[in-house]
Amino acid sequence: MLLEEKIRTSEEVKKLVKKYGTKQSSILPILKALQKKYGYVSQFAQNEVMRLLNVSYVDVNNVISFHKILDKPQVKYTIRLCRSVNCRTRAKDEIIKVIEKKYKVKLGEISKDNKVHFKFTGCLGLCHLGPVISINDRVYTQVTPKKVEKLLSMLK
Ligand code: FES
């Protein structure tokens with residue numbers, strides 16, 4: 001998880017703690033709210049809940065297991081856009097817009113139909129061929145907004 005995603009997640013957890021309070025009984029509504037917003041509750045978000053509510057790993061994990069809250073995204077496609085320095089200088093914001101528009105999803109979130117998780121990634125080691133994106137395990141280099149549109153049109 002990249003720093004900006006961590007910051008956003010941390011702010012969301014703080015907002016929920018403010019809403020539901022710091023009692024142990026707040027764990028469930030906070031986790032449910034996080035799952036509703038992101039489609040799952042990342043390990044980082046769980047750690048934030050532990051830290052801010054001053055509860056243990058076991059406390060959070062029991063709620064996750066009992067209420068079948070997802071701790072990993074259950075999506076068909078994970079689309080990662082490299083935002084490390086070399087790619088970022090070449091990548092156009094239009095690439096982000098193409099993906100966000102196609103799946104009605106904001107960067108870092110999961111589409112409402114649980115099809116796509118769109119996120120940033122660190123360097124994928126192909127800096128000289130940037131901008132770089134990956135869709136599940138396949139990596140695509142020198143992408144343009146048009147090339148991304150074509151790639152997305154092939155996803156069923
Ligand atoms: S900076 Fe994007 S692949 Fe290295």
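In what order do the elements of the chain run from the N terminus on? In this predicted model, the succession is α-α-α-α-β-α-α-β-β-β-α.

## Overall make-up

The secondary structure of the chain consists of seven helices and four strands. Taken along the principal axes, the C-alpha atoms fill a box of roughly 50 × 30 × 25 Å. The chain has 156 residues, of which 24% count as buried. Among contacts between residues at least 6 apart in sequence, 64% join residues at least 24 apart.

## Two domains

The chain is divided into domain 1, residues 3-66, and domain 2, residues 77-153. Their centres, taken over C-alpha atoms, are separated by 27 Å. Four residues from domain 1 and six residues from domain 2 take part in the contact. On the side of domain 1 that touches domain 2, the residues divide into one nonpolar, one polar and two charged.

## Helix H3 and its surroundings

Helix H3 spans residues 43-53, and its buried residues are Ala-45, Gln-46, Glu-48, Val-49 and Leu-53. Seen down the axis of H3, these buried residues fall within an arc of 160°, so they line one face of the helix. An α-helix has 3.6 residues a turn, so residues three or four places apart point the same way. On the other side of H3, Gln-43 and Arg-51 are exposed.

The cover over the buried residues of H3 includes helix H1 (3-20), helix H2 (27-38) and helix H4 (57-66). Just after H3, Asn-54 takes a positive phi of about 55°.

## The loop between H2 and H3

Two residues of this loop may be described in turn. Val-41 lies in the loop between H2 and H3. Is Val-41 buried or exposed? Val-41 is buried, because 26 other C-beta atoms lie within 10 Å, and the cut-off for a buried residue is 20 or more. Leaving aside residues up to four places away in sequence, Val-41 touches Leu-31, Leu-34, Gln-35, Gln-46, Ile-64, Ile-69, Leu-70 and Asp-71. One of these contacts, Gln-46, is also among the buried residues of H3. Val-41 and Glu-109 are 68 residues apart in sequence, while their C-alpha atoms are 11 Å apart in space.

Gly-39 also lies in the loop between H2 and H3. Gly-39 counts as partly exposed, with 19 C-beta neighbours inside 10 Å. Which residues does Gly-39 touch, not counting residues up to four places away in sequence? They are Pro-73, Ile-110 and Asn-114. Gly-39 and Lys-112 stand 73 residues apart along the chain, and their C-alpha atoms are separated by 8.3 Å.

## The sheet

The four strands form an open sheet with the order S2-S1-S3-S4 and mixed pairing. Why is one side of strand S2 and of strand S4 left without a neighbour in the sheet? Strand S2 (116-121) and strand S4 (138-140) stand at the edges, and each has a single partner strand, so one side of each has no neighbour in the sheet. From one strand to the next, the twist averages 20°.

Strand S3, residues 133-135, pairs with S4 in the antiparallel sense over three bridges. Within this pair, Ile-133 stands opposite Tyr-140 in S4.

## Backbone features in the loops

A cis peptide bond joins Gly-130 and Pro-131, with omega about -5°. Pro-131 has its place in the loop between S2 and S3.

Positive phi values also occur at residues other than glycine. Lys-104 is not a glycine, yet its phi is positive, at about 45°. Lys-104 is placed in the loop between helix H6 (93-103) and S2. Lys-104 is exposed, because only 11 other C-beta atoms lie within 10 Å, and the cut-off for an exposed residue is 12 or fewer.

Gln-142, likewise a residue other than glycine, has a positive phi near 45°. Gln-142 is found in the loop between S4 and helix H7 (145-153). With 12 C-beta neighbours inside 10 Å, Gln-142 counts as exposed.

Methods: Residues numbered from 1 in each chain as written. Predicted model: local features only at pLDDT ≥ 70, side-chain atom pairs only at ≥ 80, totals over all residues. Pairing = 2+ DSSP bridges. Axes fitted to C-alpha atoms, helices over the stretch in contact; angles between N-to-C directions. Domains from an automatic or database assignment. Contact = placed C-beta atoms within 7 Å. Nonpolar A, V, L, I, M, F, W, Y, C, P; charged D, E, K, R; others polar. Arc of directions from axis to C-beta.
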